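Subject: Structure handover

Hello,

Here is the structure I promised to pass on. Please open it alongside this note. My findings come after it.

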Amino acid sequence: MSRNAESTAFRSALEVVRGVEPRVADAIAAELADQRESLKLIASENYASPATLLAMGNWFSDKYAEGTVGRRFYAGCQNVDTVEALAAEHARELFGASHAYVQPHSGIDANLVAFWAILADRVESPALRKAQARQVNDLTEADWFALRRELGDQRMLGMSLDAGGHLTHGFRPNISGKMFDQRSYGTDPATGLIDYDRVAEAAREFKPLILVAGYSAYPRKVNFRIMREIADSVGATFMVDMAHFAGLVAGKVFTGDFDPVPHAHIVTTTTHKSLRGPRGGMVLCGPELADQVDRGCPMVLGGPLPHVMAAKAVALAEARRPDFADYAQRIVDNAQALADGLLRRGATLVTGGTDNHLVLIDVSGYGLTGRQAEQALLDSGIVTNRNSVPQDPNGAWYTSGIRIGTPALTTRGLGATEMDATAELIHTVLSQTTPGSGPDGAPSKAKYVLDPAVAESVGKQAADLLTPFPLYPAVDLG
Ligand SMILES: *Cc1c(COP(=O)(O)O)cnc(C)c1O
């Protein structure tokens, strides 16, 4: 495809938008400029291909398509059927799954679909059957009460938030924490690694209906074969949320015991993180749960987003190409180069390194909170996010960690040399930042002091690092 085609497509699209609300067109153009200029180390973000982006901006957005392929509650869904079936086929082939459900609008939605599918499969609840049979209007007050009572007793065991687990794995701020009686497993305080014997012990004591594995801030591989054995030993359904590392599974960096698909009863994911697709979610499972999963809409989802399913089909087709495996391996090589560079300069890393796409710096070694470090780095043109470390003394708001990830910069083409240079820039900022104090002179967890000349110099070096690796090189907005 010619570079010209991509430039023409985006330029024309903006011209049309500009004709209605120029401020939106300007914001879209400004977003590209900002993304091009920033050293993006946010572990959950990436850059989708122009083909993926363009597949989303069209009239598929206008279509209602509740139901599933071939069984719709609306007429005229033949073209939606085509893209949904294609996305599901690519997902099944890519991950070796027998069933794929590509409708979830986000990772949270994919998890809700999975939770309800497991509940419907495992829990004898007449009220739930009624709700699922689209007889929601027939549910009496007593039915709703029964539904809450029958389902509210169910137990979930997942990874604790401060060890890197996710809010949707049974924590209070999310509906999953209200749906389930939740307990969590953490990591070994000495090594920072999952202690499988402790997980087995927690499972024996707690007897969960669902054992969840998966994380958004754990820098190591998880042995899904052992986790499945633990689930089987207590009769739990084993669910893996691979939202963060789906790209590493797709690219065959995580294989054997570390590939969740052959080991889990059900796997959920986002499509926009290391997988590099459009913003969305997906569920993979075996034949046993397939029917329940397909009831995601209308059980917990509204009508599917056909334009996003079209983009999922495009991105999954890209992920099936051989160069995606190469990309996935470079993500991990880059994370290791970044970790090595930081360690050599004296940083403290949770677990002492990484074997996936992310690195977690314990910034208490620099005398800073995560919030101070995040802001000081941002002032210097380096975009990261603060994150709890295991047993974090600063809680979930200020935190003691900085999470950095390599999927986005790897998409741009940066390699080991640039990762070492990035480690130098991060270390420079963190070692030159000192905690500030509040108006009363008391130590602050948010305020910090960083010489603006240092921030400016690092910002300039960060920009120079990106110059040889233009983002969306074929897109020239003129
Ligand atoms: C990002 C993430 C999610 C949520 O994804 P959204 O698309 O933001 O809803 C769920 N689980 C894990 C493990 C994640 O990392």
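Below I go through the domains, the ligand site and two backbone details.

One caution before the rest: this is a predicted model.

**Domains**

The domain assignment splits the protein chain in two. Domain 1 covers 59-319, and domain 2 covers 323-466. Their centres, taken over C-alpha atoms, are 31 Å apart.

How much area do domain 1 and domain 2 bury between them? The figure is about 2100 Å². Carbon and sulfur atoms account for 58% of it. Accessible area lost when parts come together is a common way to give the size of an interface. In residue terms, 27 residues of domain 1 are in contact with 27 residues of domain 2.

Now the polar side of that interface. The count between the two domains is one salt bridge. Asp-355 and Arg-220 form a salt bridge, with their closest N and O atoms 3.5 Å apart. Across the interface there are also 13 residue pairs in polar contact, with both residues at pLDDT 80 or more.

Two helices are worth finding on the side of domain 1 that touches domain 2. Helix H11 (246-250) and helix H14 (306-319) each supply at least two residues there. H11 gives the most, with three residues. By type, the residues on this side of domain 1 divide into 14 nonpolar, eight polar and five charged.

**Ligand site**

Which residues come nearest to the ligand? There are 14 residues around the ligand, and the nearest are Gly-107, Ile-108, Asp-241, His-244 and Lys-273.

Three of these names come with a distance to a ligand atom. Gly-107 places a backbone N or O atom 2.8 Å from an oxygen atom of the ligand. Ile-108 has a polar backbone atom 2.9 Å from an oxygen atom of the ligand. Asp-241 uses its side chain: an N or O atom there is 2.6 Å from a nitrogen atom of the ligand.

**Backbone details**

Most peptide bonds are trans, and most residues other than glycine have a negative phi. Two places here depart from that pattern.

Look at Cys-297 and Pro-298. The peptide bond joining them is cis, with omega about 15 degrees. Pro-298 lies in helix H13, residues 296-299.

Then go to Thr-399. Its phi is positive, near 60 degrees, and the residue is not glycine. Where does Thr-399 sit? Its place is in the loop between helix H17 (395-398) and strand E14 (401-405).

Over to you.

Best wishes

Definitions and conventions. Residues numbered from 1 in each chain as written. Predicted model: local features only at pLDDT ≥ 70, side-chain atom pairs only at ≥ 80, totals over all residues. Heavy atoms only, no water. Domains from an automatic or database assignment. Contact = heavy atoms within 4.5 Å. Buried area = accessible area lost by both parts, 1.4 Å probe. Salt bridge = Lys/Arg side-chain N within 4 Å of Asp/Glu carboxyl O. Polar contact = N/O pair within 3.5 Å; in protein donor to acceptor, adjacent residues only side chain to side chain. Helix = DSSP H or I, 4+ residues; strand = E, 2+ residues; numbered from the N terminus. Nonpolar A, V, L, I, M, F, W, Y, C, P; charged D, E, K, R; others polar. Near = heavy atom within 4 Å.
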